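Trainee: Could you take a close look at one loop for me, and then carry on from there to the rest of the model?

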Amino acid sequence: MIKKQSLKLLAGIAVLLTVATPVMAETPEEKGFRIAARSDRSDRGFINNEVTATMILRNNQGQESKRILLQRTLEIQDESVGDKGVIIFQSPADVSGTTFLSHAKILKQDDQWLYLPALKRVKRISSKNKSGPFLGSEFAFEDFTSQELNKYKYKWLRAEPCPNAPPLTCDVIERYPQYEFSGYTKQIGWVDQTDFQSRKIDFYDRKDELLKTLTLGGYEKHEGKYWRAHELKMVNHVTGKSTDFLFSDFKFGLKLSERDFEKGFLGSDY
Amino acid sequence: MTIKPFHILFGSVALLLSSFGGQANAAEIGGVRVSGFIGVESRVFTQNPKHAGQKTGLEASVIFNPEFRYRTEDRVHRFTFIPFYRQDSRDDARSHFDIREAYWQWRGDEWDVLAGINKVFWGVTESAHLVNIVNQVDGVEDLDGEDYLGQPMINIATQQDWGRVDLYVLPGFRERTFPGTSGRFRGPLPVDTDNAKFESGAKEKHIDFAARYSHYFGDWDVGLSYFYGTDRAPVLSLSNDGTRFIPTYNLINQVGADIQYTTGAWLWKFEGITREGQGDAFAAAVGGFEYTFYQVFEKDWDIGVLAEYQYDGRDASAPFTAQDEDIFAGVRLALNDIQDTQVLAGFSIDQSSGEQFYNFEADRRIGENYTLELRARFIADSNAGDDSFALEHDDYIQLRISRHF
């Protein structure tokens with residue numbers, strides 16, 4: 001009996017161990033991916049949204065320039081395919097109506113088109129230009145178009161208080177771009193353990209030196225479940241320039257369909 | 001009182017600086033979004049005119065191009081109205097009014113319908129726009145032929161997963177605009193736009209028809225188009241009294257294809273047409289590439305290199321074209337700065353005559369609401385009988401300042 005009992009106990013322990021093993025033996029890489037995936041998937045099911053973004057570009061003398069954009073995103077739930085996005089420029093006035101359409105891929109190059117309202121012309125553009133500045137700002141194209149989970153490999157580093165959201169604890173994760181032509185060797189991100197949202201990202205250039213820091217703040221919950229940052233600030237440590245991205249007027253569940261994110265529809269909703 | 005260049009220049013500068021005061025962005029008046037621009041343009045020609053009647057000296061213009069847009073809350077109906085006006089100091093034929101767009105658009109679940117005046121652009125290449133045929137070229141605006149007159153149309157379209165199909169019924173032909181007697185960029189005689197001839201008995205009331213399919217397949221973007229109707233370009237023939245050119249517009253059938261292959265930093269482009277209705281059926285094509293070097297010299301600058309070859313198989317019974325066996329090459333520089341500074345320098349050379357055309361364009365925003373556009377265009381090695389011989393004295397430098405609102 002005792003023997004049997006102990007066997008049972010042993011078996012019980014073995015079962016416990018088996019269940020616990022994945023956690024115990026989780027490598028920093030697996031943990032990093034798990035946390036990034038949890039953050040990415042916390043957004044699942046938003047279907048589409050629209051937001052007005054105000055960009056404030058600041059040079060190192062503090063001079064400011066403003067741009068207003070309307071951004072629309074169509075969620076593609078399949079993680080092996082990226083989301084689709086439209087950005088309609090509203091100001092400065094001379095480029096208003098210019099529209100940028102992106103179909104994100106995972107490791108292949110994204111499909112991108114530009115609509116030029118003066119000629120009413122649609123141009124397929126090269127998406128090789130990952131690290132170029134978006135509208136003269138401190139944000140690179142890839143900072144917008146390369147936020148898909150599987151575009152990176154991950155590594156968990158440590159947990160510590162979130163640098164810009166002190167009551168929260170953050171997991172600190174390194175991620176390495178897997179897509180071609182990235183301007184970054186790595187990014188270090190702080191993701192909080194409560195709402196699983198990104199709080200800060202350090203960007204390291206091709207020489208592996210700290211280039212830029214993005215801080216994300218003003219988080220609000222929409223539709224009762226989707227967290228959105230309302231204030232993004234990107235600081236370039238090399239040039240001293242910075243860009244603020246302020247989001248307002250988030251709209252979810254619009255009557256937008258796949259075809260609103262098609263090349264053939266560019267320019268028709270301006 | 002005759003309008004002198006300085007009247008236009010000073011009057012419009014005052015207008016530019018005053019009328020839109022501190023207003024920064026598109027205004028909304030009763031749900032109608034108002035935007036657009038007002039521009040002042042001046043041209044300096046580096047040589048005296050070649051033809052009798054052409055005026056000398058500075059040419060000045062003011063351009064007004066407001067845009068009015070309205071859409072219903074449910075985004076099913078859209079209304080757009082874009083008038084255009086240019087007042088020119090030198091050439092009455094260049095002073096003109098046009099309605100670029102004035103349409104109603106209805107958006108259904110499967111089909112969209114647009115009725116009114118609109119502009120559509122087809123094609124991918126930079127040095128010639130062979131496939132693009134729906135809108136008439138506004139020939140007094142710019143040498144580059146990228147300004148178009150509004151075209152009355154009914155357009156029915158559907159977007160499916162396999163592509164977009166557009167059908168166009170085009171009532172109301174628009175005649176091409178040409179410089180007047182006192183204007184530059186014309187032949188030895190002015191074009192008599194009041195006495196145009198048409199092959200169709202219905203003349204300018206002939207109803208044209210067009211259809212287009214466009215989509216993308218991975219890295220390939222493809223467009224196929226068909227047009228039946230009055231050609232937008234006229235054949236010019238000498239009037240009986242030998243004092244003017246008379247434009248004659250033929251009925252044509254045209255099939256076009258435009259293809260772009262995008263890979264890495266390469267854009268490979270091709271446009272081709274076959275046309276029937278002007279002498280022997282013929283084909284024309286333009287093809288080439290654009291390659292961009294990103295972030296050159298460790299700066300945010302992009303440098304693009306372009307080259308295209310133009311072929312045209314038409315005979316003398318078709319409208320004249322200078323783009324028949326020409327090589328075009330160019331360099332595009334984008335600084336990617338806050339002012340969106342861009343420069344394009346290009347030239348084309350006619351393989352058989354050796355005549356050359358040089359083009360320089362520079363654009364930059366000033367502050368939040370102004371833009372500055374510089375154009376310089378020169379013709380070289382043009383001899384009697386060459387395509388550009390009539391324009392050999394029309395080298396010019398042009399500056400436009402626009403206030404956008």
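Mentor: Pro92(A) sits in the loop that joins strand E3 (84–91) to strand E4 (99–103) of chain A, where strands are DSSP runs (E, at least two residues) and helices are likewise DSSP runs (H or I, at least four), both numbered from the N terminus. The peptide bond that leads from Ser91(A) into Pro92(A) is cis, with omega near 10°. This is a predicted model, in which local features need pLDDT of at least 70 and side-chain atom pairs count only at pLDDT 80 or more, while totals for chains, interfaces and linings use all residues. Residues are numbered from 1 along each chain as its sequence is written, and chains are lettered from A and ligands numbered from 1 in the order in which they are written.

Moving from that loop to the interface, 26 residues of chain A are in contact with 32 residues of chain B, contact meaning that the C-beta atoms of two residues, placed from the backbone, lie within 7 Å. On the side of chain A that touches chain B, strand E2 (64–74) and strand E6 (121–125) of chain A each supply at least two residues, and E2(A) gives the largest share, three residues. By class, this side of chain A holds seven nonpolar, nine polar and 10 charged residues, with Ala, Val, Leu, Ile, Met, Phe, Trp, Tyr, Cys and Pro taken as nonpolar, Asp, Glu, Lys and Arg as charged, and the others, Gly among them, as polar.

Chain B, across the interface, has one helix and 22 strands, and its C-alpha trace spans about 60 × 55 × 50 Å along the principal axes. Of its 405 residues, 34% count as buried, that is, with 20 or more other C-beta atoms within 10 Å of their own, against 12 or fewer for exposed and a number in between for partly exposed, the C-beta atoms being placed from the backbone. Among the contacts of chain B with a separation of 6 or more, 57% join residues 24 or more positions apart.

Two loops of chain B deserve a look for their backbone angles. Gln295(B), in the loop between strand E16 (282–293) and strand E17 (302–312) of chain B, has a positive phi, near 50°, although it is not glycine, and it is partly exposed, with 17 other C-beta atoms within 10 Å. Asp340(B), a residue other than glycine, has a positive phi near 55°; it lies in the loop between strand E18 (326–334) and strand E19 (342–350) of chain B, and 17 C-beta neighbours inside 10 Å make Asp340(B) partly exposed.
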